Amino acid sequence: PVPVLLDCDPGHDDAIAILLALGSPAIELLGITTTFGNCPVDQATYNAQRILALAQRPDVPIAAGAAGPLAGEAHIGDFIHGRTGIDGPDLPAPLAPPVRLGAVEFLRTSLLDAPDPVTLVATGPMTNVGMLLRDHPDVGPKIAEIVFMGGSTERGNTTPAAEFNAYADPDALDLVLTSGLPVRMVGLNLSHQALATPDVVERMRAMDHAVGRACADLMGFFGGTYSEVFDFAAPPVHDPCTIAALIDPGLITWRRSFVAVETEGRWTRGATVVDLHGRLDEPANADVALTIDAPGYWDLVLAALDRVGSQ
Ligand code: BDR
Ligand code: CA
């Protein structure tokens with residue numbers, strides 16, 4: 001299995017990403033680190049604990065991370081995710097506390113202790129990962145690749161120009177993009193193809209176990225805000241696309257490109273600039289996800305959720 005450390009801000013779709021990783025024999029989830037984003041960081045940590053309780057996997061370590069970005073104020077995504085960050089389902093209480101180490105220190109020691117390079121998956125604002133790369137460059141050789149959900153080849157969802165995770169900490173994303181490490185970007189242009197349509201939600205509910213029901217309830221709330229705020233007919237389930245890319249490389253098509261993030265724009269702070277056609281003559285620094293086989297994605301996700309719920 002691919003050893004993975006998952007940095008996230010659960011978050012409806014982050015929660016599904018955690019469950020997808022837990023339910024996939026192709027992934028070995030070494031730990032979860034949390035960040036502010038969809039909710040304040042303490043709440044994100046508590047949410048991750050409750051998702052692990054739902055999956056009955058309190059053995060997976062959780063380390064709490066950044067309360068705000070490298071510069072500026074914390075921007076919280078409660079307009080989509082509700083007051084708790086995962087409004088909707090009734091989740092069980094935590095079965096285990098977070099570890100004592102902070103996220104950056106936990107990532108560092110986990111990487112240095114791992115026998116082989118580890119894949120770092122980031123599905124929230126990139127603050128923890130940015131700090132890790134900035135303050136502990138010695139971990140570089142132990143990172144197999146960084147796969148992040150953020151940015152877009154197109155427009156944003158938080159400002160007209162910027163996607164949420166990129167907008168929440170563009171300076172940290174810049175550290176990732178300029179790190180020289182292997183990077184894969186899963187942006188909105190990809191995740192907007194991964195919609196939890198009513199038949200998908202029905203398949204979750206039909207599993208008839210606590211995990212399936214909780215996921216259907218997560219999608220119910222998420223679908224409601226996506227319909228109100230963005231007029232979407234079904235919610236895009238962004239974050240698990242990163243994990244799916246590791247499980248089944250054939251699901252997603254990629255293009256190697258130069259990617260930069262705007263850290264200073266007046267109207268465009270957090271916008272990603274993806275040079276798909278090589279117009280800027282800059283060296284490519286990322287593989288950018290372009291298309292996903294949505295039915296294949298849902299077959300994979302639903303099979304994993306069912307595995308977690310049936311254990
Ligand atoms: C990203 O922002 C959050 O709302 C989601 O969890 C996802 O990581 C999508 O823009
Ligand atoms: Ca997220």
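# A tour from strand to sheet to ligand

Begin by selecting Val 118, which stands opposite Ile 143 in strand 5; strands here, like helices, are DSSP runs numbered from the N terminus, with at least two residues (E) for a strand and at least four (H or I) for a helix. Residues are numbered from 1 along each chain as its sequence is written, while chains are lettered from A and ligands numbered from 1 in the order in which they are written. What you see is a predicted model, in which local features need pLDDT of at least 70 and side-chain atom pairs count only at pLDDT 80 or more, whereas totals for chains, interfaces and linings use all residues. The mean pLDDT of the chain is 97, and 100% of its residues reach 70 or more, pLDDT being the predictor's confidence in each residue, from 0 to 100. The scores of the model are ipTM 0.99 and pTM 0.98.

**The sheet**

Now select strand 4 (residues 118-122) together with strand 5, which run parallel and are joined by five bridges; two strands count as paired if DSSP finds at least two bridges between them. Next, colour helix 4 (residues 103-113), which packs on the sheet and touches strand 1 (2-8), strand 2 (27-34), strand 3, strand 4 and strand 5, where contact means that the C-beta atoms of two residues, placed from the backbone, lie within 7 Å. The direction of helix 4 makes about 155° with that of strand 2, with axes fitted as lines to C-alpha atoms, for helices over the stretch in contact, and angles running from 0 to 180 degrees between N-to-C directions.

Within helix 4 you will find Val 104, which counts as buried because it has 23 C-beta neighbours inside 10 Å; a residue is buried if 20 or more other C-beta atoms lie within 10 Å of its own, exposed if 12 or fewer, and partly exposed in between, with C-beta atoms placed from the backbone. Leaving aside residues up to four places away in sequence, Val 104 touches Gly 65, Asn 128, Met 131, Leu 132 and Asp 135.

Widen the view to the open sheet of nine strands, whose order is 3-2-1-4-5-6-9-7-8, with mixed pairing. At its edges are strand 3 and strand 8 (272-275), each of which pairs on one side only.

Move to strand 6 (residues 183-186), both of whose faces are covered: Val 183 and Met 185 on one side, and Arg 184 and Val 186 on the other, are all buried. In a regular strand the side chains alternate between the two faces of the sheet. Select Met 185 and look both ways, for Phe 148 stands opposite Met 185, and in strand 9 the bridge partner of Met 185 is Val 288.

**Helix 1 and the ligand**

Select helix 1 (residues 12-22), where 11 of its 11 residues are buried. From Leu 19 and Leu 22 you can step to Ala 55, which touches both of them as well as Val 211 and Val 308, not counting residues up to four places away in sequence. Ala 55 is found in the loop between helix 2 (41-54) and strand 3 (62-64).

Finish at ligand 1, which 15 residues surround, the closest being Gly 11, Asp 13, Gly 77, Phe 164 and His 238; a residue is near a molecule if its C-beta atom, placed from the backbone, lies within 6 Å of it. Helix 1 and helix 6 (164-168) each supply at least two residues of this shell.
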